[in-house]
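The following exercises concern salt bridges, cysteines and strand pairing. Each task is followed by a solution in steps. Please consult the structure while working through them.

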Amino acid sequence: MINKEEYALIQQLQQRVMELQQNEQLLTIQLEGASAFNHSILDALPIDIFLHDELGKTVFMNKEGCKRHGKPLHELVGKTVYDFFPKQIADVLRKDDLKVWQTKTQLIKSVKVEFSGKPVHLLTGKSIVRENQTNKEYLLGYALDVTKQIQAEEQVEHIVYHDSLTGLPNRWYIEQNGEEYLQDTEGCAAMLLLDLDHFKVINDSMGHQAGDLLLQKVASRLKELEEKNIMLARLGGDEFVFILKGVYGIDKICDFNEKIIQILSKPFTVEEKQVTITPSIGISLYPKDATTIFSMIKNADIAMYHLKEKGRNGYQFFTDNMKESANHRMDMEILLRQAIDKEEFILHYQPKLHLGTGKIYGVEALVRWDSPDHGLLYPGSFIELAEETGLIVPLGEWVLREACRQCREWHDLGYKDLTISVNVSAQQFRKRDLEETVKDVLETTGLDPKALELELTESTVMENPVEAAAALKRLQKMGISISIDDFGTGFSSLNYLKHFPINTLKIDRSFIQNAEKDNADAAITLAVITLAHNLNLSVVAEVVENELQLDFVTNARCNGGQGYFISRPLDREAMIEYLRINEGGR
């Protein structure tokens, strides 16, 4: 496509040459033995200039044109474009010439030709001129080599429309060209939006360089599935998209999804480590589900998140009833972001009972959302959404800060030995500034580090045991206690347990709930308690809901217990009254 600057340049060149042609003092070159042109000035111009007669034969070419063709003028006179170029290109050029002859109008366009086997982009202009003495008409042509400019534009276009990491077409390319690609199909088309499950865990634990390397390896495997009528692109992050054209039958789409799952199932080697990744794939169909590229992406995204809610690692077709669920999720995400800004959250506190003394020695901080629109919401209503959107990080920092502030307030009221436990999400733990955040909170609130216990799930520390151990050691050096929550539900943790600088194990509720009536659960619970004591760790039993469970964990030599039988989570005022009655921590 010719831009304004190139068009103006051709017009200026045309005007200059026309002026030369009309100056009779310059007519000194013989044209077919009849007329003359002075070509000294034409030779000085840095563009190809040529004259053709009505039959297409060359009657003149300036020095630059002769140089490009590699022959002197006398060998070029009488030749046509069919002598200079392959027939396919010559046909196009001759067709343009005939159009100019017929219409007597100027024609400006960009053409791609070959000289000595090398592709050359020419910006050309053609018009009809009349020789004054003989009154004979010729086709006057001008050609400017713009190959470098075109190549530069193509490079810029490639950068704009392709992903720098994987070399695949990017979101901008899909948005600009995807709709035309969809419409140019027989049968139906399908968009497959592919997201890598738990990629953020790998990216955060191994580092962005390792994450980028994994994305490149994933892209390389996915490229193996590309063929005619199949387009692959990377939308960004860990999201890839396939567009399948001319598909007949849902079974074909299902088969293709199975190929994706299979090709990604083999472990990847990243920085000498074996990494396993699974995909969640959302599918929308054209024109059944949508007729625009934006709607296709949106519906495929809705289907993908619907799958993630059910368990990931598979594929899900879009259905209309998913829209309502997606709209609700979007509304909740907006409200959740606003709630963090407006500090609509409150903390409830669940007491921890020391089973040896019968006194309350600490509390666990539990977040609640006091929503103006939905009332008091418990974590099950919003924590998963907070984790998916990354809002769990600012929310978690608020919980930590508020819990420490409240605990310091209780200390000032006289309950100086009371400790507070705060849950740390996997995303918070992966952030490299967690230690700085904790240090700042303790300094700001004035809370003694010994009064703070951070609780992490077993699965969180097992994501990257070596780095987790180092991070926990740094936190513990600050005087903070570390507790492993839900212990007993992870894998291979016993091999690493001795390396983790932790203070407390909290036995998962699933064992406590059945321990008094299930021999296997009772045996596991006793084994965990014995193991913990041998490693000089405290043991806390979660979800103690009745007297039988309390008696069991007490007799099993658990250090502490918490649950509804001991106390439900209490708000700030109720917690103060509970402490007063039980004299906890005095």
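**Exercise 1.** Determine how far apart the closest N and O atoms of Glu397 and Arg401 are, and where the two residues lie.

*Solution.* In this predicted model, Glu397 and Arg401 form a salt bridge whose closest N and O atoms are 3.3 Å apart. Both residues belong to helix H15 (residues 392-412), with a spacing of 4 residues, about one turn of the helix. Glu397 is partly exposed, at 32% relative accessible area, and Arg401 is partly exposed as well, at 26%.

**Exercise 2.** State which parts of the chain are linked by the salt bridge between Arg68 and Asp48, and classify each partner as buried, partly exposed or exposed.

*Solution.* First, the contact: the side chains of Arg68 and Asp48 meet at 2.7 Å, N to O. Next, the location: Arg68 lies in helix H3 (residues 63-69) and Asp48 in strand E1 (residues 48-52), so that distant parts of the chain, 20 residues apart, are linked. Finally, the accessibility: the limit for buried is under 20% relative accessible area. Arg68, at 21%, is therefore partly exposed, whereas Asp48, at 6%, is buried.

**Exercise 3.** Carry out the same analysis for Lys109 and Asp96.

*Solution.* The closest N and O atoms of this salt bridge are 3.2 Å apart. Because Lys109 lies in strand E3 (residues 107-115) and Asp96 in helix H6 (residues 87-103), the pair ties together parts that are 13 residues apart in sequence. Lys109 is partly exposed at 24%; Asp96 is buried at 10%.

**Exercise 4.** Explain why Cys404 and Cys407 are not counted as a disulfide.

*Solution.* A disulfide requires two cysteine sulfur atoms within 2.5 Å. The cysteine sulfur closest to that of Cys404 is in Cys407, at 7.3 Å, which is too far for a bond. The count of disulfides is 0. Cys404 itself is buried, with a relative accessible area of 0%.

**Exercise 5.** Describe how strand E20 pairs with strands E19 and E21, and identify the unit that E20 and E21 make with helix H23.

*Solution.* Strand E20 (residues 538-541) pairs with strand E19 (residues 504-507) in the parallel sense over 4 bridges; Thr504 has Ser538 as its bridge partner. E20 also pairs in the parallel sense with strand E21 (residues 560-561), over 2 bridges, and here Ala541 stands opposite Gly561. Together, E20, helix H23 (residues 547-555) and E21 make a right-handed β-α-β unit.

Terms used
Residues are numbered from 1 along each chain as its sequence is written. This is a predicted model: local features need pLDDT of at least 70, side-chain atom pairs count only at pLDDT 80 or more; totals for chains, interfaces and linings use all residues. Side-chain values use heavy atoms; hydrogens and water are left out. Two strands pair if DSSP finds at least two bridges between them. A crossover is right-handed if, with the strands pointing away from the viewer, the path from the first strand over the helix to the second runs clockwise. Buried means under 20% relative accessible area, exposed over 50%, partly exposed in between (1.4 Å probe, protein chains only). A salt bridge is a side-chain nitrogen of Lys or Arg within 4 Å of a carboxyl oxygen of Asp or Glu.
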